Amino acid sequence: MTDIDPIEQIESGINRIHSDADDGLLRRLRESRPDFFAQAVVGLLLKMGYGRAEQRRKRIGGSNDGGVDGVLDQDALGLDRIYVQAKRYADGNTVGREAIQAFAGALDGVGVSRGVFVTTSAFTSGARLMCWLFRPGWESR
């Protein structure tokens, strides 16, 4: 039996708690209704400081949302907007190139250059490439 440094034990325990919390949150989001996930994403961005005032954000979503789930004003005058797309996918179901192309088209259609695409899944390599091609500097995480 090897002695583990107490600091390493604490760090390992904290990492395990974070991992369990991350897995639990992801599971709950995947099990939620799609509109709940979209609202959670918009709410998170609000908590991060985007569209702070009630009148500076709008939840769109639904079957005819035009590829946009929410709009946040980045500044007090509403001159700089951020459009949001939230996709609640099951584990193993990835966001592909087509979804990114549709979102980029929705952004172009309303004449904006900023968008946030959030998923409970992962992006395919084709989707990551489309992000870069449509908007150099975009990155997917």
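Me: Before we start, what does buried mean here?

Reply: Happy to begin there. A residue's relative accessible area is found with a 1.4 Å probe, counting protein chains only. Exposed means over 50%, partly exposed is in between, and buried means under 20%.

Me: Is Ser-32 buried or exposed?

Reply: This is a predicted model, and in it Ser-32 sits in the loop between helix H1 (6-31) and H2. The relative accessibility of Ser-32 is 13%, and the cut-off is under 20%. Ser-32 therefore counts as buried.

Me: Which backbone oxygen does the side chain of Ser-32 reach?

Reply: Let's follow the side chain of Ser-32 at 2.7 Å. At that distance it reaches a backbone oxygen, the one of Leu-29.

Me: Leaving aside its neighbours within four places in sequence, which residues is Ser-32 in contact with?

Reply: Setting those neighbours aside leaves two names to look for in the model. One is Phe-37, which is among the buried residues of H2. Together, the contacts of Ser-32 are Phe-37 and Arg-88.

Me: How far apart in space are Ala-38 and Arg-88, C-alpha to C-alpha?

Reply: Ala-38 lies in helix H2 (residues 34-47), and at 3% relative accessibility it counts as buried. Along the sequence, Ala-38 and Arg-88 are 50 residues apart. In space, their C-alpha atoms are separated by 8.0 Å.

Me: What span should H2 have, and what is the distance between its end C-alpha atoms?

Reply: H2 has 14 residues, and the rise is 1.5 Å a residue. The expected span uses one less than the number of residues, so H2 should span 20 Å. The end C-alpha atoms agree with this, at a distance of 20 Å.

Me: Which glycine follows H2, and what is its phi?

Reply: Step past the end of H2 and you come to Gly-49. The phi of Gly-49 is positive, near 105°.

Me: Where on H3 do its buried residues fall?

Reply: The buried residues of H3 are Ala-99, Ile-100, Phe-103, Ala-104, Ala-106 and Leu-107. Looking down the helix axis, they fall within an arc of 155°. That is why they line one face of the helix.

Me: How many aromatic pairs does the structure hold?

Reply: Try listing them by ring. The structure holds two aromatic pairs. In one of them, the rings of Phe-103 and Phe-117 have centres 5.6 Å apart and planes at 75°; over 60 counts as edge-to-face, so this pair is edge-to-face. Phe-117 also forms an edge-to-face pair with Phe-123, at 5.7 Å centre to centre and 65° between the planes. The count is thus two.

Me: Which parts of the chain does the pair of Phe-103 and Phe-117 tie together?

Reply: Phe-103 and Phe-117 are both buried. The pair ties together parts that are 14 residues apart in sequence, because Phe-103 lies in one element and Phe-117 in another. Those elements are helix H3 (residues 97-109) and strand E4 (residues 115-119).

Me: Which residues do the ring pairs link into a cluster?

Reply: Phe-117 is buried, as is Phe-123. Ring pairs link these rings and one further ring into a cluster. Its members are Phe-103, Phe-117 and Phe-123.

Me: Finally, in what order do the elements of the chain run?

Reply: Zooming out, the chain has four helices and four strands. Of its 141 residues, 32% count as buried. Read from the N terminus on, the order is α-α-β-β-β-α-β-α.

Conventions. Residues are numbered from 1 along each chain as its sequence is written. This is a predicted model: local features need pLDDT of at least 70, side-chain atom pairs count only at pLDDT 80 or more; totals for chains, interfaces and linings use all residues. Side-chain values use heavy atoms; hydrogens and water are left out. Rings of Phe, Tyr and Trp (its six-membered ring) pair if their centres lie within 6.5 Å; planes under 30 degrees apart count as stacked, over 60 as edge-to-face and the rest as tilted. Helices (H or I, at least four residues) and strands (E, at least two) are DSSP runs, numbered from the N terminus. A polar contact is a pair of N or O atoms within 3.5 Å; within protein, one must be able to donate a hydrogen and the other to accept it, and residues adjacent in sequence count only if both atoms are side-chain atoms. Contact means heavy atoms within 4.5 Å. The arc is that of the directions from the helix axis to the C-beta atoms.
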